[in-house]
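Hi,

Here is the structure I promised to pass on. Have a look at it first, and my notes on what turned up follow right below.

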Amino acid sequence: MNPGDRVRVERADQTYEGVLLPSTTEENLVVKLESGYNVGIDRGDASVDVLEADTYDVESAQDAAGESAIEFDDDLPTISLISTGGTIASTVDYRTGAVTAQFDAEDVLRAVPDLAGRANYRGRVVANILSENMTPDVWQDLAHAVREEIEAGADGVVVMHGTDTMQFTAAALAFMLDTPVPIVFTGSQRSADRPSSDNVMNAVCAVEAAKSDCSEVLVCMHADEADERCALHRGTRVRKNHTSRRDAFETVGAKPLGEVDYDSEEVQFRREYAERGETDLALREDLETDVSLVKFTPGTDPAMLDAAADRSEGVVIEGTGLGHVNTDWIETVEDLTDAGTTVVMTSQCLEGRVCDRVYDTGRDLLDAGVIEGEDLLPGTAKVKLMWVLANADDPTRAMREPLAGEIQSQSRPWT
């Protein structure tokens, strides 16, 4: 049997039928099923029957795919593709069946031929990790890489990132970098071997956004379940709100800043934004990493705050409603602020802003030294506090002022 043969594979009480694909190991068979999914099978445990020889010319197709050449065109903008790993830059490890981050930026260009002719590309790998392994150190490495690419003449930057922690990295770069060009994060909810993969459309729309006039940090992902348009979310106002849908990301408290039409390639924005070239490139990468995010729930012992404070210069509390916690927490909060720990209050509610002046608990928290976090998202508040403690002279004032679009002037949905 050879790659391209249609085969039936039996293992234990399971039967698979499909096209045999090349495998990176002698011990494993790789079969593309009728559903479009691939499956890896231990060769030693399976019996194989060839149903039809040479159904597909897999070897020739594989050879052609590896010959991609990217020519420089003086009439096209230059976009830097920076990979940190994640599903958009991943493949399947057929030894385990797990999706693993393996591709570098050049592999992405070969995997997404639709990118050809849209721009000149430079590829760079900063990390090759799944996003749950992202750390502030990598944020800083990424910020340095983005600055270097812009200094080298990139007209826009696309960062390929795992979706689970993309909102945190996007927020971090929004605070660390003043940018004269677009910096667009994109990823994929479903890997390239799946027929419903969103990697092509997200990558194409991200490149179009990186060519646009909006010089902000953006997140570009599916706007809905259809393959028609991608939403452009401001990096400090975005949240992943679904585990698996392709349109998992939402701008909290408003509609997305803009969108990209996949077919027409048109990029449109709804609100004011920082325009290309109006900001000088600057990097302030220092971060205070000893910052904790603590979620209050009924019955949570205030000792939780003590544990956080033992290793924290700052604490963000995700409180209830307008920004409340059990009254038993207030004394502990005051002890923290008296000891020099910066404490910021946010809300578990996805809409609206913190206001600790309405009820007694809130006023007591203010007296205890809590900083109201306005309508900051809790995760963004943590990232902002990390940056503020390392860079701002007055952390209290900085936490209450919009620095990168993270605080809205009004808490009114869909503005």
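Strand β1 (residues 6–11) pairs with strand β5 (residues 47–52) in the antiparallel sense, over five bridges. If you want a spot to click on, E10 stands opposite S47 in β5. Bear in mind throughout that this is a predicted model.

β1 also has strand β2 (residues 14–21) as a partner: six bridges join the two, and they run antiparallel. Here V9 stands opposite Y16 in β2. Together β1 and β2 form a hairpin with two residues between them. Check A12 in that turn, since its phi is positive, at about 55°.

Next, the eight-stranded sheet. It is open, has mixed pairing, and its strands come in the order β9-β6-β10-β12-β13-β14-β17-β18. The edges are β9 (120–125) and β18 (267–269), each of which pairs on one side only. Going from one strand to the next, the twist averages 25°.

Inside that sheet, strand β6 (residues 78–83) and strand β10 (residues 156–160) pair in the parallel sense, with five bridges between them. One bridge to look up is I82 with its partner V159 in β10. Helix α3 (residues 136–151) packs on this sheet and touches β6, β9, β10 and β12 (183–186). The direction of α3 makes about 165° with that of β6.

There is another open sheet, this one built from four strands in the order β20-β21-β22-β23, and its pairing is parallel. At its edges sit β20 (291–295) and β23 (371–372), each pairing on one side only. β20 and strand β21 (residues 314–319) are joined in the parallel sense by five bridges. For orientation, S292 has V315 in β21 as its bridge partner.

Now for a pair of helices. Which residues of α4 and α9 meet? From α4 (residues 166–176), the list is F168, A171, A172, F175 and M176; on the side of α9 (residues 378–391), they meet G379, T380, V383, K384 and W387. By class, this contact has seven nonpolar residues, two polar and one charged. Two packed helices are described by the angle between their axes and the distance between the axes. For α4 and α9 the angle is about 35° and the axes are 9 Å apart. Their crossing is right-handed.

Both of those helices come up again in the second largest pocket. What volume does the second largest pocket have? About 720 Å³. Its lining counts 33 residues, and those that lie nearest the centre are E216, R234, L403, A404 and G405. α4, α9 and the strand β11 (177–178) each supply at least two residues of this lining. Sorted by class, the lining has 14 nonpolar, twelve polar and seven charged residues.

If you only have a few minutes, I'd start with the hairpin of β1 and β2, then look at the contact of α4 with α9, and then go on to the pocket whose lining takes residues from both helices.

Cheers

Methods. Residues are numbered from 1 along each chain as its sequence is written. This is a predicted model: local features need pLDDT of at least 70, side-chain atom pairs count only at pLDDT 80 or more; totals for chains, interfaces and linings use all residues. Side-chain values use heavy atoms; hydrogens and water are left out. Axes are lines fitted to C-alpha atoms, for helices over the stretch in contact, and angles run from 0 to 180 degrees between N-to-C directions. A crossing is left-handed if the near helix is turned anticlockwise from the far one by less than a right angle, and right-handed if clockwise. Contact means heavy atoms within 4.5 Å. Ala, Val, Leu, Ile, Met, Phe, Trp, Tyr, Cys and Pro count as nonpolar, Asp, Glu, Lys and Arg as charged, and the others, Gly among them, as polar. Two strands pair if DSSP finds at least two bridges between them. On a 1 Å grid over the protein atoms alone, a cavity is a set of points where a 1.4 Å probe fits but cannot get out, and a pocket is an open set with protein on both sides within 12 Å along at least five of seven lines; lining residues have an atom within 4 Å of a point. Grid points are joined across faces, edges and corners, and a volume is the space filled by probe spheres set on the points.
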